[in-house]
Amino acid sequence: MIKAQRGTKDIFGDEIYTWQWILDNAKKVFQNACFSEIKTPIFEATELFARGVGDSTDIVNKEMYTFSVGGADKDSSSITLRPENTAGVVRAFIEHNIFRQSPPQKFWYFGPMFRYERPQAGRQRQFHQIGVEMFGIKEPTADAEVILAAVNFLKSVGLGDLEVELNTLGCPKCKNDYRNSIKEALKPHLNELCDDCKMRYEKNPLRILDCKNENCQKIFELPEIKEIIYKDYVCEECSNHFSELLGYLDSLNIKYSRNKLLVRGLDYYNRTVFEIKSSALGSQSAVCGGGRYDGLVEMLGGQATPAVGFAMGVERLYTLVDKINPKKIDYYIVSTDINETMKLAQKLRDNNLVVDFDMQKRKFSKQLEKASKVAKYALILGEDEIKEGFYSVKNLETGEQVKVNSFNELIK
Ligand code: ATP
Ligand code: MG
């Protein structure tokens with residue numbers, strides 16, 4: 001038997017109702033805050049991610065689904081299934097001259113992402129993200145608006161008590177100074193770091209701070225290393241940006257904590273980075289990750305444009321939210337006259353009711369049995385009902401049956 005690929009999942013039946021409900025909430029919350037939806041392609045030029053996500057990241061180094069189409073004389077360019085969506089949105093932003101519109105330009109998206117990872121709870125190879133990208137505003141009001149959008153959306157699906165962790169990486173100059181002092185401090189311990197971190201040391205040293213390896217974490221606790229990590233190294237402008245943001249979060253009553261080890265895996269972040277976490281998720285605790293990426297639009301060939309955004313994993317959200325009861329069928333028509341049944345079903349559906357009936361013309365008792373499993377009401381259309389022009393409606397929870405004289409009463 002052919003099975004779904006490792007790390008992928010079919011979503012159907014009861015689950016799909018919760019998924020749809022999560023998405024309905026996203027649409028409502030983001031549209032209320034004037035973000036408009038953007039749908040970009042699922043595959044892009046490999047180069048977009050190599051440059052846009054950064055070739056020192058795990059995503060680009062280990063996790064991309066990359067392939068080329070056709071032979072040497074055909075279109076043999078390398079393409080990749082998107083591992084995240086910021087790079088794609090930025091490409092679209094540049095390609096369609098969206099930067100010419102007056103800022104802010106605000107987008108939200110939903111869709112599948114692909115990463116070749118070891119599948120485990122909360123970690124798949126095809127997973128889904130909901131995200132937001134805001135362009136054109138350098139002030140920390142934009143950081144606050146984006147964090148607020150994430151928090152409001154999470155509240156709308158009943159998750160009001162998640163933890164927002166924040167950090168500031170500073171501007172490229174501060175980041176560089178910090179990177180150098182971290183490297184200097186870790187130099188004597190290079191041999192004790194895990195293999196991944198040994199590689200990161202040259203290419204992406206800040207990412208070392210994000211390492212979950214116990215040995216590496218012990219090293220971060222050494223007093224001389226801790227002192228460097230916890231030193232305030234950002235310049236005055238970056239420091240003001242961060243404290244202004246914290247002020248907005250305070251006045252919006254958004255609870256947060258500062259996490260100096262939070263650096264995020266991607267190369268493009270500067271200044272604000274944040275994650276929203278739930279302890280209920282165990283080791284895969286991050287639901288949402290985001291930050292400011294003022295350099296990315298220019299780096300990908302556009303005009304320099306400040307930007308800030310986030311992405312959240314829908315599969316991780318799904319495990320946290322209360323599951324929605326699948327919407328039950330309003331009426332299941334029970335009748336021996338299939339023509340009358342089909343006509344009535346159509347009229348009721350025209351009035352936005354959820355209606356089903358038996359297409360196999362089975363016995364009355366079988367139809368009633370089915371109705372009681374799937375519907376709120378059985379709408380009985382027997383010989384008497386058709387002859388005398390009324391409907392019998394049986395409430396399948398209480399068992400009570402009433403006579404209904406007009407169609408209008410049915411749709412009330
Ligand atoms: P992690 O540290 O858990 O690998 P990440 O830093 O790689 O996360 P991001 O690139 O920031 O994740 O993506 C944002 C969100 O997407 C994550 O917080 C998580 O909820 C979700 N996510 C990332 N990778 C996966 C995956 N393989 N399966 C399911 N959800 C994922
Ligand atoms: Mg990851």
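1. A charge counts as sitting over a ring if NZ of Lys or CZ of Arg is within 6 Å of the ring centre and within 35 degrees of the ring normal. K347 fits this description: K347 lies over the face of F407, at 4.3 Å from the ring centre. K323 is another case, with its charged end over the ring of Y318 and 4.5 Å from the centre of that ring. The model under review is predicted, and side-chain atom pairs count only at pLDDT 80 or more.

2. Next, the aromatic pairs. A pair of rings is described by the distance of the centres and the angle of the planes. Ring centres must lie within 6.5 Å to pair, and the count for this structure comes to 14 aromatic pairs. F135 and Y293 form one of them, with 6.3 Å from centre to centre and 90 degrees between the planes, an edge-to-face arrangement. This pair links distant parts of the chain, since F135 belongs to strand 6 (residues 126-135) and Y293 to the loop between strand 10 (286-292) and helix 11 (296-299), 158 residues apart. Are these two residues buried or exposed? Both F135 and Y293 are buried.

3. The pair of Y331 and Y377 has a different label to check. How are these two rings arranged? Their centres are 5.9 Å apart and their planes meet at 50 degrees, so the pair is tilted. The label follows because planes under 30 degrees apart count as stacked and those over 60 as edge-to-face, with the rest tilted. Y331 is in strand 12 (residues 329-335) and Y377 in strand 14 (residues 375-381); the pair links distant parts of the chain, 46 residues apart. Y331 has a relative accessible area of 9% and is therefore buried, the cut-off being under 20%. Y377, at 31% relative accessibility, counts as partly exposed.

4. F135 and Y293 also belong to a cluster. Ring pairs link these two with F93, F99, F107, Y268 and Y269.

5. T80 deserves a look on the polar side. T80 lies in strand 4 (residues 78-81) and counts as buried because its relative accessibility is 0%. What does its side chain contact? The T80 side chain makes a polar contact of 2.8 Å with the side chain of T46, and another of 2.8 Å with the side chain of T66. Leaving aside residues up to four places away in sequence, T80 touches I42, F43, E44, T46, F49, M64, Y65 and T66.

6. For ligand 1, 14 residues form the surroundings, and R115, E117, R123, Q124 and R264 are the closest. Strand 6, strand 10 and strand 11 (307-313) each supply at least two residues of the shell. Which element gives the largest share? Strand 10 does, with three residues.

7. Polar distances at the ligand involve backbone and side-chain atoms. A nitrogen atom of ligand 1 is 2.8 Å from a polar backbone atom of Q124. An oxygen atom of ligand 1 lies 3.0 Å from a polar backbone atom of A286. For R316, the partner is an N or O atom in the side chain, at 3.2 Å from an oxygen atom of ligand 1. The protein covers 85% of the 580 Å² of accessible area that ligand 1 has on its own.

8. S36 is in strand 1 (residues 36-37). With a relative accessible area of 38%, S36 is partly exposed, because the value falls between the 20% and 50% cut-offs. S36 touches K106, F107 and W108, not counting residues up to four places away in sequence. The C-alpha atoms of S36 and Y109 are separated by 8.4 Å, although these residues are 73 apart along the chain.

9. Some backbone details are worth checking by eye. The peptide bond from P103 to P104 is cis, with omega near 0 degrees. P104 lies in the loop between helix 4 (86-95) and strand 5 (105-114). N97 is also placed in the loop between helix 4 and strand 5. Phi of N97 is near 55 degrees, a positive value in a residue other than glycine, and N97 is partly exposed at 31%.

10. N352 likewise has a positive phi, near 65 degrees, and is a residue other than glycine. The loop between helix 13 (338-350) and strand 13 (355-357) holds N352. Is N352 buried or exposed? Its relative accessibility is 71%, so N352 counts as exposed, the cut-off being over 50%.

Methods: Residues numbered from 1 in each chain as written. Chains lettered and ligands numbered in written order. Predicted model: local features only at pLDDT ≥ 70, side-chain atom pairs only at ≥ 80, totals over all residues. Heavy atoms only, no water. Phe/Tyr/Trp six-rings, centres within 6.5 Å; stacked < 30°, edge-to-face > 60°. Helix = DSSP H or I, 4+ residues; strand = E, 2+ residues; numbered from the N terminus. Buried < 20%, exposed > 50% of the residue type's maximum accessible area, 1.4 Å probe, protein only. Polar contact = N/O pair within 3.5 Å; in protein donor to acceptor, adjacent residues only side chain to side chain. Contact = heavy atoms within 4.5 Å. Near = heavy atom within 4 Å. Areas by Shrake-Rupley, 256 points an atom, 1.4 Å probe, with all protein chains shown as cover.
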